[in-house]
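Biologist: Could you take me on a close look at the ligand site in this model? I would love to hear what surrounds the ligand and where the surrounding residues come from.

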Amino acid sequence: MYDVVVVGGGPSGATAAEDLARSGHKVALLDRAGRIKPCGGAIPPRLIADFDLPDEQLVAKITTARMISPTGRKVDIPIENGFVGMVDREDFDEFLRKRAARAGATRATGTYLRIERDEAGTRVVYRDKVSGNERSLATKLVIGADGARSNVARTEVPGGDRIPYVIAYHEIIEAPGKVGDYDPARCDVIYDGRISPDFYGWVFPHGKSASVGMGSMVRDVDLKKATADLRLASGLADCPTIRKEGAPIPLKPLDRWDNGSDVVLAGDAAGVVAPSSGEGIYYAMVGGRVAATAASACLASGRARDLRLARKLFMSEHKTVFRVLASMQNAYYRSDERRERFVSLCHDIDVQRLTFEAYMNKKLVRARPMAHLKIGLKNLAHLTRLVPAVRV
Ligand SMILES: Cc1cc2nc3c(=O)[nH]c(=O)nc-3n(C[C@H](O)[C@H](O)[C@H](O)COP(=O)(O)OP(=O)(O)OC[C@H]3O[C@@H](n4cnc5c(N)ncnc54)[C@H](O)[C@@H]3O)c2cc1C
C-alpha cells in the first residue's frame, strides 16, 4: 500500500514524488515514457534556485531577449544580473525522475487507465509498458500530474475536462551557430499576427539545437505553415530538422484541484501555465511541491479537505502575477496594432526591469512606485491610442 501514487513523471509529478519520498512517505511514480515532451525549455533562475538544478542540465544560458513587432521592429532586452536557462526535456525530465527515485520513490512505467475504489481501498490501474498487462498500485492518495488534457483530471475532478488551451507547435532544428541573425545566447519572441493571431512565435536556442515554434487558440491556423514562415523570416529555413511536434498549453487554472476525497492535481493537469508567456515548467514544479505538501497534510490529519491546500498555497503566491499576465494577454495579443504597441512599450527600461524581475524571480517588485505609475500611464496611453504604435 502506497501513501501516494503520482500519475505522470514530468516536472510536476517528479517534484511531487521526490518531495513526498524525502518526507518519508511511501510513493510510486507512474509514467508512460517513450515521448519527449514538446517544449521550448526556457526556465527562470528562480527554478534553478528553488529546485536545486545542477548547471549541467542547462544546454544554453540566454543573456538577451529580443521582442519583434509585426512591422519587424526589434527591441533587445539585456538580462541583467543573470540569465534564462534552457533545458532539453529529454534529459531534464529523466533527471528529475531519477532524482525522485534516489530519494526513495518507486518508479513504474506504463499508461494510467483508471482509479478503482472498493472496500479493499483505492487502486491506480495502469497498462505495464513491458508486459502489456494491466497492473495496479494500491494507495491512499493519488496526485494527477499527467499533463495537459489529463485523464486523471477529466475523470476525477469536476471541471477537469473543460480547460481552455493554446495549441503550440515547434520544430527542433540543428542550430546554425552564431551566423546571420541567429545568436545562441538570445531568445527571440515574435509578436506578429501572420505567425500567430493570438499568441506569439519563438526562436529558443538549445546549444547544438534550437526550438522554433508558435502557438494559437484559433482552430484554422496552419501551425506548420506558420512555423515554416517563421523559420524563413529568421533565416533558419535550411537548418536540418530534428523533430516536429505539438501539444496543448492550458490557459487557465482550474477552480478546483482536488476531488474532495483522495485525488489532487498538479501542473498542466490543473491548468497551471502563466498566461501571456505560456511558461509552465516552473509552475508545474511549484504545483508538484504544493500537491505533495497537501497530500502530506491530508495523510497526517486524515482530513480530505487538506487536499485543497495545494491550490490555496499556489494561488496565495502566484495569483497576482497570473492576473497581471492574463490582462496583458487580453490587452495586447488581439491585433497587430496592439502587438506593435506592446513591443513599443518594451523600449521602456522600467518595463524591461519589471517584466524581467517578474519572470526571473516570480515577484512583482513594489520598490519603485514612480516606475509603476509611469508604466501604468504609458499602458493607458497605448491602449487608448494617445500615442502612436510605432515609436520614432
Ligand atoms: C510547444 C511547447 C513549448 C513550451 N515551451 C515552454 C518553455 O519554454 N518554458 C516553460 O516553462 N514552459 C513551456 N511549455 C509548457 C511546459 O512544457 C508545461 O507547462 C510543463 O511541461 C508542464 O509540466 P507537467 O509535469 O505538468 O506536465 P508534462 O510535462 O506534460 O508531464 C506529464 C507527464 O505525464 C505523463 N503521462 C501523460 N499521460 C499519462 C498516462 N495516461 N499514463 C502515464 N503517464 C502519463 C507523460 O509521459 C509526462 O511525462 C511549453 C509547452 C509546449 C507545448
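Modeller: Gladly; here is a walk around the ligand, with a short look at one helix and one small sheet afterwards. Please keep in mind that this is a predicted model.

Let's start with the shell. The ligand is surrounded by 35 residues, and the closest of them are Asp-31, Gly-40, Arg-89, Tyr-112 and Asp-268. By character, the shell residues split into 14 nonpolar, 13 polar and eight charged.

Now for the backbone. Gly-40, one of the closest residues, has a polar backbone atom 2.8 Å from a nitrogen atom of the ligand. Ser-12 places a backbone N or O atom 2.9 Å from an oxygen atom of the ligand, and for Ile-281 a backbone N or O atom likewise lies 2.9 Å from a ligand oxygen atom. On its own, the ligand has 1000 Å² of accessible area, and the protein covers 94% of that.

Which elements build this shell? Two or more residues each come from α1 (11–22), α3 (89–102), β8 (106–118), β13 (201–206), β15 (241–250) and α6 (281–301). The largest share, three residues, is given by β8. Seen at the level of domains, both domain 1 (2–40 + 88–163 + 253–321) and domain 2 (59–86 + 164–250) supply shell residues, so the ligand lies between them.

One of those elements, α6, is worth following along its length. This helix has 21 residues and spans 30 Å from its first C-alpha to its last, close to the 30 Å expected at 1.5 Å a residue. After α6 comes Gly-302, with a positive phi near 75°.

Finally, the small sheet. Three strands form an open sheet in the order β3-β7-β4, with antiparallel pairing. At the edges stand β3 (42–43) and β4 (58–62), each with a single partner strand, so one side of each has no neighbour in the sheet. Four bridges join β4 to β7 (residues 84–87) in the antiparallel sense, and Lys-61 stands opposite Gly-85 in β7.

Conventions: Residues are numbered from 1 along each chain as its sequence is written. This is a predicted model: local features need pLDDT of at least 70, side-chain atom pairs count only at pLDDT 80 or more; totals for chains, interfaces and linings use all residues. Side-chain values use heavy atoms; hydrogens and water are left out. A residue is near a molecule or strand if one of its heavy atoms lies within 4 Å of it. A polar contact is a pair of N or O atoms within 3.5 Å; within protein, one must be able to donate a hydrogen and the other to accept it, and residues adjacent in sequence count only if both atoms are side-chain atoms. Accessible areas come from the Shrake-Rupley method with a 1.4 Å probe; for residues, only the protein chains shown count as cover. Ala, Val, Leu, Ile, Met, Phe, Trp, Tyr, Cys and Pro count as nonpolar, Asp, Glu, Lys and Arg as charged, and the others, Gly among them, as polar. Domain bounds come from an automatic or database domain assignment. Two strands pair if DSSP finds at least two bridges between them. The expected span of a helix is 1.5 Å times one less than its number of residues.
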